Amino acid sequence: MRKMQIFICLLFAITASKGQISIKSNHMPKAGDTARVSLAPSLELPSNWQKSGANQSWDFSKLKPSGTQLRDYKSSFRTPYAFYFINQIGEKIADTLGGGPLTFTNVHNFYSNSSSVFKAEGLGYSVSGIPLAANYTDDDEIYQFPLEYNDSDVSTFRFKFEVPGQQFITYIQQGKRTNVVDAYGSISTPYKTYANVIRVKTILNQVDTLVSPLGKTGIPRPQVIYKWLSQNEVVPVR
C-alpha cells in the first residue's frame, strides 16, 4: 500500500508540473537574432483569452494577420551609437520620430541582459545626421529571472530625454512596472502551436511629462499588457 501511495504522489507531481516552464536570460533576444511578428486586430480575440491559472489552453489560431513587423536585434557596435552603448543589444524602433526642428531619425532602443534581468537602458537617435543618446536614470527592468508560474516582481523606471543645444523642451517618462506570471499552458497561433508557455501580465503605471517654458504637462498612461512566453522564441508568441 505504501509503494502504491508513493507512486500515485509521484504521478501527480509529474502531471501537475506539465507546462510549468521557466524563462531565463538565455531565452531572451541576443545580438544577431531576428523575429517576424504578425499583427492582428484585438477585436478578434477569443472569449477566454484573459483566463488565468494552471493548464490553460488559448486558441488564437483564427486570428487574421493585418500586417507584420520585423524585430532585428544587433550588437551596439553595428549601430551608430556604439560610443554610448558598449556591449549592449540594439533594436531599431523607428526610421523617423517627431517633426520640424525636433525630427529624430534612425531611432534604436538599447537593452542589456544578465542572469537576473533583461532591461532597457537607453535610446539612440540622430538629429541632422549626428548620433546622440539618452539614458534611463532608472533602468526599465522588463523581465526579472527566472520567470515561473506564480512569480511576481515590481520595479520602477525613469527616462529623461533632452536634445543637446536646445533648452526649451524636456520629455520625462517614469512609472512602476508590475509583472505577474498568472498562467501557464498551451497556445495556438496562426503560425504554430506551442505546448508549453507561461503568461506574464504586466501592469504599467506610467506618467509622461513634457516640460517647457510654459510649465509641466503630465499625461498618465496606465496599461495592462499580456505576453505569452515560450522557451523556443526570443519574443512573445502572442
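Hi everyone, let me start with contacts: among those in the protein chain between residues at least 6 apart in sequence, 58% join residues at least 24 apart. Before I go on, please keep in mind that this is a predicted model.

So what is the chain built from? The secondary structure comes to 1 helix and 12 strands. If you read along the sequence, the helix comes at the start of the pattern, α-β-β-β-β-β-β-β-β-β-β-β-β. The protein chain has 238 residues, and 38% of them count as buried. Its accessible surface comes to about 13,800 Å², with 54% of that belonging to carbon and sulfur atoms.

Let's go inside. In soluble globular proteins, nonpolar side chains tend to be buried together. Here, the largest nonpolar core has 31 residues, and the members that touch the most others are Tyr125, Tyr143, Leu147, Phe161 and Ile198. Which elements give two or more residues to this core? They are strands S4 (89–99), S5 (102–113), S6 (117–127), S7 (130–144), S8 (152–162), S9 (170–188) and S10 (193–212).

Ile198 is a nice one to click on. Leaving aside residues up to four places away in sequence, Ile198 touches Ile21, Ile23, Leu147, Val181, Ala183, Tyr184, Lys227, Trp228 and Leu229. There is also a second, separate core of 10 residues, and Trp58, Phe60, Tyr226 and Trp228 are among them.

Now for the aromatics. The count comes to 13 aromatic pairs. Let me pick out Phe104 and Phe161: their ring centres are 5.2 Å apart and their planes sit at 85 degrees, so this pair is edge-to-face. Phe104 belongs to strand S5 and Phe161 to strand S8, so the pair ties together parts that are 57 residues apart in sequence. Are these two rings buried or exposed? Phe104 is buried, at a relative accessible area of 11%, and Phe161 is buried too, at 12%. If you zoom out a little, Phe104 and Phe161 form one aromatic cluster with Tyr125, Tyr136 and Phe159.

On to charges. Side chains of opposite charge can pair when their charged atoms come close. In this model the count comes to 8 salt bridges, and I'll show you three.

One is between Asp33 and Lys30, where the closest N and O atoms are 3.6 Å apart. Asp33 is buried, with a relative accessible area of 15%.

Next, Asp139 pairs with Lys119, the closest N and O atoms being 3.2 Å apart. Asp139 lies in strand S7 and Lys119 in strand S6, so this bridge ties together parts that are 20 residues apart in sequence. Asp139 is partly exposed, at 21% relative accessible area, and the cut-off for buried is under 20%. Lys119 and Asp139 are also linked with Glu121 in a network of salt bridges.

Then there is the bridge between Arg199 and Asp182, at 2.9 Å from N to O. This pair links distant parts of the chain, with Arg199 in strand S10 and Asp182 in strand S9, 17 residues apart. Where do these two side chains sit, buried or exposed? Both Arg199 and Asp182 are buried.

Last stop, the outside. Phe168, Ile169 and Leu210 make a nonpolar surface patch of about 280 Å². Leu210 lies in strand S10 and counts as partly exposed, at 42% relative accessibility.

That's my tour, and I'm happy to take questions!

How values were computed
Residues are numbered from 1 along each chain as its sequence is written. This is a predicted model: local features need pLDDT of at least 70, side-chain atom pairs count only at pLDDT 80 or more; totals for chains, interfaces and linings use all residues. Side-chain values use heavy atoms; hydrogens and water are left out. A nonpolar core is a set of buried Ala, Val, Leu, Ile, Met, Phe, Trp, Tyr and Cys residues joined through side-chain atoms within 4.5 Å. Buried means under 20% relative accessible area, exposed over 50%, partly exposed in between (1.4 Å probe, protein chains only). Helices (H or I, at least four residues) and strands (E, at least two) are DSSP runs, numbered from the N terminus. Contact means heavy atoms within 4.5 Å. Rings of Phe, Tyr and Trp (its six-membered ring) pair if their centres lie within 6.5 Å; planes under 30 degrees apart count as stacked, over 60 as edge-to-face and the rest as tilted. A salt bridge is a side-chain nitrogen of Lys or Arg within 4 Å of a carboxyl oxygen of Asp or Glu. Patches are made of residues with over 30% relative accessible area and no salt bridge: like charges are joined within 9 Å, nonpolar side chains (Val, Leu, Ile, Met, Phe, Trp, Tyr) within 5 Å. Accessible areas come from the Shrake-Rupley method with a 1.4 Å probe; for residues, only the protein chains shown count as cover.
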